[in-house]
Amino acid sequence: MLFLYQKGACSSKRRKPAGTGTPFYWVRLLGAGAIGASALSLTGQAQEAPEGAQRITLDVRTGLEWSDNPDLVVDGDSRVVSRTRLDFALERRTDIDRLTFGAAGDVVLGEDTDDVIENPELRLRWDRDVGRSRLGAGLTLESVELDSTSFSDGVSADSVDFSTFDGGTRRLTGIDVDGAWGVDAPFGGSYSLSHDRITYSGTDDPTLLDADSVDFRFALTGALDRTTTLGLIGSFTEFDEDGAGELDTRSVRLGGELRSEITQTLSGRLALGWQEAEESGADTARSEGVFVDGDLTWALPNGTAGIVWDSPIEVDRRRTTVRFQRSLEMPRGDFGYSIGASRASGLGTRPLFGLNWEYEMPRARFIADLSQTPATTRDNVQTINSVLSLNFNQQLTTRGNLDVLFTVRDGDEDGEGAVDNRRLGLDVTYRHDLAQDWDLVGQFSAVRVSEDDAQDRSSNTIFIGLEKRFGWN
């Protein structure tokens, strides 16, 4: 959802009552964005620079933002702020490695705002590629307002915060290491290890607890011949919560994997092994058994067709999911769909659908995407998390561009104590090219949230401002 709704148009912080001194308030509000934009214009006259060994970019979006309910609560108050989004990126490359650093955040100025910096992000990544071996490591620090989080900026249908609409802030600190050796060789391997620390603040949701997450995966592979590869695979995942009602989960997998080009048009993968899943804390449960997953893919003259299946062991049950997938290459784009079903032991069977359609026109583009993910909540309720997005982009003139994005995020629960929820979003954005590569941006955003046994909430936001990318070698 671009700028307004993507990064903190709705703030969950308590606001102080507006004070006196209205003329000075508007002077500060209007002047803040103008001063920041002017300073950057003077110091960043280098425009788009060619690719090189080192590159620095700075994206700037600054302007006035009005919202009738930025906290997305029942009977919320309106707010006007000056919001400047700064996104800095540094990339340094050599023949064998690459270092990237990124920092971003919103500078929010207004008489009724508590935080000057909102939604800060820091990312550092190093990758080394030497022949048949690879090594990488990364650090991540980010803070996200839950009531402004949307699937368009990375929250997928299986996100832990999928059904959280009542505000609060999630902070994540993460480190990850991954690597591989024997790439494209008869024998090789790969591994990945990550650790995340997740903390919440400003939310009354009892299911959102501070937690540590650990994920380790490895694979050892060996080629039997030109078309067949055998492998040993394993994984260890752990999610430890802190607080009242905490639930700690742990899962261990060890098995084998077979990949084969069965014919010139048919390829397949099959993984089989042993899995143990355990839950402790407020509840205690343990399951073990054989896991199986794989796929078959047919290469067709106009695309591909395939079957994907997955049957893992959850804490106290087995879940089996099967999907048929089809993709078509079309003259003006691509079209794909999937049809399937998921069954959890003791919770019944639910249908699953997927869609991806991209259609190119002479001066416009349309994209439709639907994804569904089955999950089981901590209350032992089965839910189907669905994400639908419809995006239309039209080049109106040589200088003007219109973008319309409609989104639906739906949680459909089934079982005793089920609570369905739905979030609708609409973003309409107009961009107009100005002198010196500045763009004038006008955006209207609307969101509406509905949930069983709760009053509906809605928010409308308008943003008018400027945006520009500065680049230096």
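**Exercise 1. Is Glu 257 buried or exposed? Work out the same for its salt-bridge partner.**

Before starting, note that this is a predicted model, where local features need pLDDT of at least 70, side-chain atom pairs count only at pLDDT 80 or more, and totals for chains, interfaces and linings use all residues. Numbering runs from 1 along each chain as its sequence is written, and side-chain values use heavy atoms, with hydrogens and water left out.

- Step 1: Glu 257 has a relative accessible area of 13%, so it is buried (buried is under 20%, exposed over 50%, partly exposed in between; 1.4 Å probe, protein chains only).
- Step 2: its partner is Arg 259, with the closest N and O atoms 3.4 Å apart. That fits a salt bridge (a side-chain nitrogen of Lys or Arg within 4 Å of a carboxyl oxygen of Asp or Glu).
- Step 3: Arg 259 comes out at 43%, so call it partly exposed.

**Exercise 2. Describe the salt bridge between Arg 317 and Asp 316.**

- Step 1: the N to O distance is 2.9 Å.
- Step 2: Arg 317 is buried, at 10% relative accessibility.
- Step 3: Asp 316 sits at 44%, which makes it partly exposed.

**Exercise 3. Do likewise for Asp 215 and Arg 217.**

- Step 1: these side chains meet at 3.0 Å, N to O.
- Step 2: Asp 215 is buried at 19%, while Arg 217 is partly exposed at 41%.

**Exercise 4. Put the pairs in context: how many salt bridges does the structure hold?**

- Step 1: the count is 37.
- Step 2: some link up into a network, whose members include Glu 65, Arg 79, Asp 106 and Glu 142.
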